Amino acid sequence: MPGPTTLDTPLLIALPGNERFAQALGVFGGEIGTIETRRFPDGETYLRLLTPVAGRAVDLVATLAGPDPDFLRLAFAADAARTQGALRVRLVAPYLAYMRQDKAFHPGEAVTSDTFARLVSSLFDGLVTVDPHLHRRAALSELYSIPAAAVQAAPALADWIAADVQRPLLIGPDAESAQWVKAIAERIGAPWVVMEKTRRGDYDVSVDLPDLSGHADRTPVLVDDIASSGRTLIAAAGLLAARGLPKPVCAVVHALFAGDAYARLQAVAARVVSCDSVPHPSNAIPLAPLVAAALAALHEQPRN
Ligand code: R5P
């Protein structure tokens with residue numbers, strides 16, 4: 001009996017480190033395919049698709065927390081799938097890299113968000129990601145020329161907070177965080193506030209806070225999209241301590257946690273949790289149900 005040849009049963013292929021997320025997506029439909037990949041002694045990439053892709057719809061699952069070492073391998077996988085006859089090749093990147101350098105802040109700087117978007121758009125027929133860092137751009141379609149869905153993690157974060165935190169007070173560390181803090185707070189009927197952040201450098205962040213005297217009986221929950229150096233959340237937790245509030249629960253979408261950021265944040269937080277867009281010990285909130293729904297809803301045209 002021939003295997004599936006329509007776009008309805010995607011072949012989910014995980015790049016290394018993404019196997020668990022691909023398996024979780026597979027629960028909602030799709031078949032798990034496999035690749036073999038390794039580095040040659042000189043550092044170049046060997047890659048082989050072990051599952052036949054001809055006539056199949058292929059979804060490559062690759063979070064992009066380490067884009068510089070990982071992206072070329074992903075490009076090889078996408079191009080191999082296409083040249084071997086895949087009907088459609090989409091990228092499932094729960095964390096989408098290169099979204100923050102979205103303008104030339106100084107003369108001569110590369111606008112890497114745009115370059116990266118053009119590269120991805122040239123390789124894939126569609127993209128699904130979670131809470132991309134859209135700041136000066138309103139939508140992924142302003143950067144990406146392929147159909148692209150931005151899943152919101154707020155419902156998953158909200159459900160975790162509602163189940164695990166008593167009387168939460170949602171706090172965003174900066175103005176940008178208002179969008180998801182408000183969405184979470186409204187879903188669970190909790191109060192919310194947003195700090196003011198000043199960033200002077202990668203590791204130099206300070207925050208200011210509105211009056212919280214009316215919320216003394218609440219558990220502070222700091223929510224942010226990305227924890228990278230961790231300095232934003234560490235500064236926010238420090239300010240809460242200075243105001244006599246309890247250690248906060250910290251909930252982030254994308255747990256990048258560079259260097260010792262995770263240990264430093266754990267030292268000032270009651271608990272640190274994250275969504276599973278980037279594999280990390282803090283992962284507690286699964287995103288596969290939301291991502292699977294977005295994949296099912298993404299409409300794109302197969303390329304010729
Ligand atoms: C900034 O706009 C983001 O929403 C995060 O607050 C930021 O990326 C966190 O970075 P870090 O952990 O390095 O302070």
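This note goes through the ligand site and the salt bridges of a predicted model.

1. Location of the ligand. The ligand occupies the largest pocket of the structure. Around the ligand there are 15 residues, and those that come nearest are Arg199, Asp224, Asp225, Ser229 and Thr232.

2. Elements that form the shell. At least two residues of the shell around the ligand come from each of strand 11 (196-201), strand 13 (219-227) and helix 6 (231-242). Strand 13 contributes the most, with four residues.

3. Character of the shell. Eight of the shell residues are charged, five are polar and two are nonpolar. Charged residues are represented among the nearest ones by Arg199, Asp224 and Asp225.

4. Polar contacts to ligand oxygen atoms. Two contacts come from side chains: a polar side-chain atom of Arg100 is 3.4 Å from an oxygen atom of the ligand, and a polar side-chain atom of His133 is also 3.4 Å from a ligand oxygen atom. Ser228 takes part through its backbone, with an N or O atom 2.7 Å from an oxygen atom of the ligand.

5. Burial of the ligand. Taken alone, the ligand would expose 380 Å², and the protein buries 93% of that area.

6. Salt bridges. The structure contains 16 salt bridges. One of them pairs Arg137 with Asp114, and their closest N and O atoms are 3.1 Å apart. Arg137 belongs to the loop between strand 7 (126-130) and strand 8 (148-151), while Asp114 belongs to helix 3 (residues 112-123), so this pair ties together parts that lie 23 residues apart in sequence.

Conventions
Residues numbered from 1 in each chain as written. Predicted model: local features only at pLDDT ≥ 70, side-chain atom pairs only at ≥ 80, totals over all residues. Heavy atoms only, no water. Near = heavy atom within 4 Å. Polar contact = N/O pair within 3.5 Å; in protein donor to acceptor, adjacent residues only side chain to side chain. Areas by Shrake-Rupley, 256 points an atom, 1.4 Å probe, with all protein chains shown as cover. 1 Å grid on protein atoms, 1.4 Å probe; cavity = no way out; pocket = protein on both sides within 12 Å on 5 of 7 lines; lining within 4 Å. Sits in = over half its atoms within 2 Å of the grid points. Salt bridge = Lys/Arg side-chain N within 4 Å of Asp/Glu carboxyl O.
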